[in-house]
Amino acid sequence: MMLVSTATAPAIAQATDASVAFAGVSKTYSNGIFRRRAVAALRDVSLRIESGEVFGLLGPNRAGKTTLVKLLLSLCQPTTGTIQRLGRPLSDRSTLGQVGYVHENHAFPRYLSAAALLEYYGALTLMPHERVRERVPRLLDLVGLADRSREPIARFSKGMIQRLGIAQALLNEPRLLVLDEPTEGLDLNGRSLLRDVVREVRQHGGTVLLVTHILTEIEHLCDRVGVLVNGRLVHVGPLAELTRDASGSPRSLEKTVKDLYAETSI
Amino acid sequence: MNPLAALPVLRWLIRDTFRQSINAGVFWLMLALILACVVLCLTVSVVDAPDSSGHLDLGFGAVQLSLAPGRGVAVRTLEGYLAGWIADGAGLLLTLMWTASILPSFLDEGTSSVLLVKPIPRWILLLGKCLGAITFVLVQDTLFLGGTWLALGISTGIWDITYLCCLPLLLLHFIVFFSFSAMLATATRSTTACVFGSILFWLLSWATNLGRHAFLALPELQAAAADLGHGVELAYWILPKPLDCHLILTGILQIDSPLSRVFNAQPLTEHGAWQPAASLLASSLCAVLLMALAAYDFATAEY
């Protein structure tokens with residue numbers, strides 16, 4: 001089935017605009033009782049993710065990966081720097097109608113059924129109701145929840161909720177798919193489904209930002225990889241740069257990433 | 001965003017709030033309370049004695065209440081208790097407790113981080129949820145007033161439409177306190193803070209309103225605490241006015257209640273110290289201001 005809009009696919013393929021562009025972005029949170037303690041979550045991050053690309057973002061815990069995602073999705077504002085989403089500034093919320101987002105820990109309203117949830121979220125994405133009604137059964141079928149579409153979400157396991165999260169992210173046929181630790185709670189079939197989804201989105205010209213700790217996902221799916229340590233983007237480049245040494249011989253991605261964390265975390 | 005495009009979104013948010021409300025346990029408790037009141041009203045009979053010492057029987061005569069003469073006055077007095085004490089007292093507190101969880105659960109991190117990644121402005125999300133809560137309370141108030149009015153009409157044969165005019169007043173009173181709950185929800189995202197905060201706010205408003213009227217009604221209090229006068233007056237005009245709402249309600253029904261006997265509105269009105277229209281307007285402005293603060297906080301909050 002079609003996961004992204006093919007109507008826009010040729011335009012995306014030809015476009016030279018980046019899907020995502022961060023320029024000198026920093027983000028500082030104010031913590032503490034009187035909000036006087038400043039904590040820098042991102043420091044001077046500049047990054048471009050081209051249309052049609054699958055970009056993997058790696059980093060240890062508290063590196064600033066989720067902050068980067070939140071900034072991209074307008075969940076918070078940068079302290080300095082500018083961000084563009086699908087070629088438009090963040091203030092243009094209409095671009096969010098072309099974004100799909102899978103959160104690492106979804107908490108959907110437990111009183112809704114899977115089908116009702118998708119219809120509700122489709123309405124909030126300003127999709128025509130007919131289109132939503134047409135896509136909902138197909139997406140539930142895709143994520144393996146078709147036979148439980150009328151059951152309350154309260155009865156769902158974590159893996160089923162995560163599958164539902166994937167379905168809601170694909171509802172609007174996104175041009176930009178943001179996956180924040182998407183394999184959390186997914187079984188082998190779920191992970192395989194997610195890989196298929198990412199490949200299909202890319203095939204139709206969509207862009208994917210994949211934030212994960214799981215290196216095999218990065219190796220299987222990503223064109224380029226960014227490594228974030230202590231709020232700084234310490235490496236951006238093709239996957240091959242991390243899996244091959246200077247002489248071109250293969251090397252372990254895990255070891256390379258570990259070395260990178262160790263070198264840059266001080 | 002095109003305002004017309006916002007209408008279906010608001011409709012979905014209201015619908016979602018209805019589902020959320022029905023799913024809450026307090027809703028069923030309130031529905032049981034409404035049914036109990038309707039059944040109680042069906043057991044009412046008014047007995048007019050020739051010497052004008054009539055009484056009102058509840059529970060098919062199990063309880064007898066002496067009342068001022070006249071079947072109409074007796075039924076209106078009972079309606080005053082139903083609207084003024086049960087709906088506007090216990091009902092309002094239960095409703096505040098039950099609606100307190102609507103916004104915090106909507107703003108929970110796992111839920112909001114997906115909902116806020118939608119192309120609609122955040123204030124529309126907040127407006128939709130608040131409208132949903134208000135519409136649902138309107139339905140409940142209508143069920144309560146409509147049900148008890150029908151039951152009293154059937155059991156006593158008195159169909160006094162004035163009772164139904166209390167509906168907008170009850171709803172306004174809820175909106176004022178719910179707007180405070182909404183402001184707390186956007187600031188703290190905590191159900192506990194919303195429950196206790198809105199109940200404390202309700203108590204504070206009652207205390208201020210009672211204090212202000214007591215201050216004006218009792219000259220000896222004015223003499224003893226003259227310095228407090230301006231502060232109390234300022235607090236009275238800023239905060240919601242639940243006592244005024246009660247006095248207006250008893251005024252609509254043209255009945256006496258314990259509070260209207262203590263704070264007889266007549267002398268206050270004569271001195272221009274209590275103006276029902278100005279009181280309602282000030283309470284409404286308080287609600288608008290609190291909602292605007294909640295919307296601003298929600299629009300600028302970082303998630």
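1. Let me start with L126(A), which sits in the loop between helix 3 and helix 4 (129–142) of chain A. This is a predicted model, and in it L126(A) has a positive phi of about 65°, although the residue is not a glycine. For background, most residues other than glycine have a negative phi. L126(A) has 19 C-beta neighbours inside 10 Å and therefore counts as partly exposed; buried would take 20 or more.

2. A second backbone angle to look at in chain A belongs to L86(A), in the loop between strand 4 and strand 5 (88–89). Its phi is near 50°, again a positive value in a residue other than glycine. L86(A) counts as buried because it has 23 C-beta neighbours inside 10 Å.

3. Strand 4 itself covers residues 80–85 of chain A and contains T82(A). Is T82(A) buried or exposed? It counts as exposed, because 12 C-beta neighbours lie inside 10 Å, and 12 or fewer is the cut-off for that class. T82(A) also comes within 9.9 Å of V45(A), C-alpha to C-alpha, with the two positions 37 residues apart in sequence numbering.

4. On to the place where the two chains meet. Here 25 residues of chain A are in contact with 22 residues of chain B. On the chain A side, the elements that give two or more residues are strand 6 (99–102) and helix 3 (114–124). Helix 3 of chain A supplies the largest share, three residues. Sorted by class, this side of chain A has 15 nonpolar, eight polar and two charged residues.

5. In chain B, helix 2 (residues 25–42) is a nice check on geometry. Its 18 residues should span 26 Å at 1.5 Å a residue, and the end C-alpha atoms are 26 Å apart, so the two agree. M30(B), I34(B) and C41(B) of this helix are buried. Seen down the axis of helix 2 of chain B, the buried residues fall within an arc of 45°, which means they line one face of the helix. The cover over these buried residues includes helix 3 (71–99) and helix 6 (122–156) of chain B. On the other side of helix 2 of chain B, G25(B), W28(B), A32(B) and A36(B) are exposed.

6. Helix 11 of chain B has a different story to tell. From first to last C-alpha, this helix of 12 residues reaches 17 Å, close to the 16 Å expected at 1.5 Å a residue. Because 10 of its 12 residues are buried, helix 11 of chain B is largely enclosed by the rest of the structure. Among the buried ones are D244(B), H246(B) and T250(B), along with L243(B), L247(B) and L253(B). Just after the helix comes Q254(B), with a positive phi near 55°.

7. Finally, what does helix 11 (residues 242–253) of chain B pack at an angle of about 175° with? The partner is helix 7 (residues 166–188) of chain B, and the axes are 10 Å apart. An angle over 145 degrees counts as roughly antiparallel, so that is how helix 7 of chain B runs relative to helix 11 of chain B. Helix 7 of chain B brings C166(B), L169(B) and H173(B) to the contact, while helix 11 of chain B brings P242(B), C245(B), I248(B), L249(B) and I252(B). By class, that contact has seven nonpolar, one polar and no charged residues.

Terms used. Residues are numbered from 1 along each chain as its sequence is written. Chains are lettered from A and ligands numbered from 1 in the order in which they are written. This is a predicted model: local features need pLDDT of at least 70, side-chain atom pairs count only at pLDDT 80 or more; totals for chains, interfaces and linings use all residues. Axes are lines fitted to C-alpha atoms, for helices over the stretch in contact, and angles run from 0 to 180 degrees between N-to-C directions. Helices (H or I, at least four residues) and strands (E, at least two) are DSSP runs, numbered from the N terminus. Angles under 35 degrees count as roughly parallel, over 145 as roughly antiparallel, 65 to 115 as roughly perpendicular and the rest as oblique. Two residues are in contact if their C-beta atoms, placed from the backbone, lie within 7 Å. Ala, Val, Leu, Ile, Met, Phe, Trp, Tyr, Cys and Pro count as nonpolar, Asp, Glu, Lys and Arg as charged, and the others, Gly among them, as polar. The expected span of a helix is 1.5 Å times one less than its number of residues. The arc is that of the directions from the helix axis to the C-beta atoms.
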